[in-house]
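User: Could you take a close look at the aromatic rings in this model, and at how their surroundings are put together? Please explain your terms as you go.

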Amino acid sequence: MKPVAVTLASYRRLARWLPFRQLDAQLSALVALAGLMPLLGLLAGLVVPGAPRGTLVLLGALAGTGLALWGLQQLLAPLRMAQAALQLRATQGRVQPLPTDLGGDMGDLLRELRRALEAEAAQGQSLQALSLDDALTGLPNRRFAGEYLRLAVHAAERTGSRLTVALIDPAHIARLNEEHGVDTGDRAIRELGEFLRQWLKRKSDWVGRWEEDQFLAVMFSEQNQATEYLENLKREFARRMQHFDGGPLSLNVGLVELRKHERLQDFSERLETELRLEKHMEPRRPPEADVPGSAKVYSIAGALLRQRH
């Protein structure tokens, strides 16, 4: 339900006219004023000769009732605004800016509510920022993966270590989502995440979620060693997933080794280019390439590496 917009213009005028800060005192004053209206009608009937006293008393009672209802609605407007702010926060996650210049009980209420909502929103943002795990796979998320890659590149440059990084994703995941539903695609991503967690467990290995269907594997080793390691990984994954509900699953892997003095941005772009190359070459593979035992890892090492098997 969409929160109803609430204005406080009439409340401000009425609150200035009533000489009380507390809501109960304001309501009492309003009821007392409404109760005077029939008496004023009776008084008018006594003062004006021939005036219909009964009619004037009735009109006074009606006017008093209308005044009481209108005044009650205006005095409770800050409460309706508070309700709308809570509803907006609960349904849309947004914080409605509440006025802080009102006096009395209602002003205190809105100021306290505004502070509470802003504090709760800030805490939620902090917790979200601190969350480093991907909800679907339990692996480190993109934020953590990006920071780890940056630190790994810096460490490799500083120590002279060989650093090879791979982007891994399940082949034809878009088609799997389209033909078998998003739940099946999510299950494939979870299966791949768990498989990578179990496989990439050497001390020099690290794996995290990168994009929606991609994983980042960081390995402190030279490219030829990493290529052989990932070829075995691809074969094992294809073997395990031959009977997956949505059909057999295989992997695309793009692999690059960090060059000396290479910028992180250039390194990342080369990495994504390798994964795109892998996907582009996938349809042109010979039929036997679909057999789990013939899985290949494509990398910038060149054509010789692409023909190893």
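Analyst: A residue is called buried under 20% relative accessible area, exposed over 50% and partly exposed in between, using a 1.4 Å probe and protein chains only. The model is predicted, so local features need pLDDT of at least 70 and side-chain atom pairs count only at pLDDT 80 or more, while totals for chains, interfaces and linings use all residues. Residues are numbered from 1 along each chain as its sequence is written, and side-chain values use heavy atoms, with hydrogens and water left out.

Happily, there is plenty to look at: a search of the whole structure turns up five aromatic pairs. Rings of Phe, Tyr and Trp (its six-membered ring) pair if their centres lie within 6.5 Å; planes under 30 degrees apart are stacked, over 60 edge-to-face and the rest tilted. Let us start with Tyr148 and Trp206, whose ring centres are 4.2 Å apart and whose planes make an angle of 10°, so this pair is stacked. Because Tyr148 belongs to helix H6 (residues 142–159) and Trp206 to strand S2 (residues 205–209), the pair ties together parts 58 residues apart in sequence. (Helices, H or I of at least four residues, and strands, E of at least two, are DSSP runs numbered from the N terminus.) Tyr148 is partly exposed, at 22% relative accessible area, whereas Trp206 is buried, at 12%.

A second stacked pair joins Phe195 and Trp199, with 5.7 Å from centre to centre and 25° between the planes. Here both partners sit in helix H8 (residues 182–199), four residues apart, or about one turn of the helix. Phe195 is buried, with a relative accessible area of 4%, while Trp199 counts as partly exposed at 22%. These two rings also have company: Phe195, Trp199, Tyr229 and Phe237 form one aromatic cluster.

That cluster leads us to the packing of two helices. The axes of H8 and helix H9 (residues 223–240) come within 11 Å and cross at roughly 135°. Axes are lines fitted to C-alpha atoms, for helices over the stretch in contact, with angles from 0 to 180 degrees between N-to-C directions. H8 and H9 are therefore oblique to each other (under 35 degrees is roughly parallel, over 145 roughly antiparallel, 65 to 115 roughly perpendicular, the rest oblique). On the H8 side, the residues that meet H9 are Leu192, Phe195, Leu196, Gln198 and Trp199. Their partners in H9 are Tyr229, Asn232, Leu233, Glu236, Phe237 and Arg240. The four members of the aromatic cluster thus appear again in this list of meeting residues.

Next come the charges beside the rings. Arg202 lies over the face of Tyr229, at 3.7 Å from the ring centre. Trp210 has a similar neighbour: the charged end of Arg142 sits over its ring, 3.7 Å from the centre. A charge counts as over a ring if NZ of Lys or CZ of Arg is within 6 Å of the ring centre and within 35 degrees of the ring normal.

Back at the first pair, Val218 is worth a visit. Val218 is found in strand S3 (residues 215–219) and is buried, with a relative accessible area of 0%. Setting aside neighbours within four places in sequence, Val218 is in contact (heavy atoms within 4.5 Å) with both Tyr148 and Trp206. The other contacts of Val218 are Ala152, Leu163, Thr164, Val165, Ser204 and Asp205. The C-alpha atoms of Val218 and Leu149 lie 7.4 Å apart in space, although the two residues are 69 apart in sequence.

For the wider setting, the protein chain has 11 helices and five strands. Of its 309 residues, 41% are buried. Among contacts with a separation of 6 or more, 68% are between residues 24 or more positions apart.

Elsewhere in the chain, helix H2 (residues 23–47) and helix H3 (residues 53–75) pack at an angle of about 165°, with axes 7 Å apart. That makes H2 roughly antiparallel to H3. The axes of H3 and helix H4 (residues 77–92) come within 4 Å and cross at roughly 40°, which makes H3 oblique to H4. Gln73, Gln74 and Leu75 of H3 make this contact with Ala77, Pro78 and Arg80 of H4.
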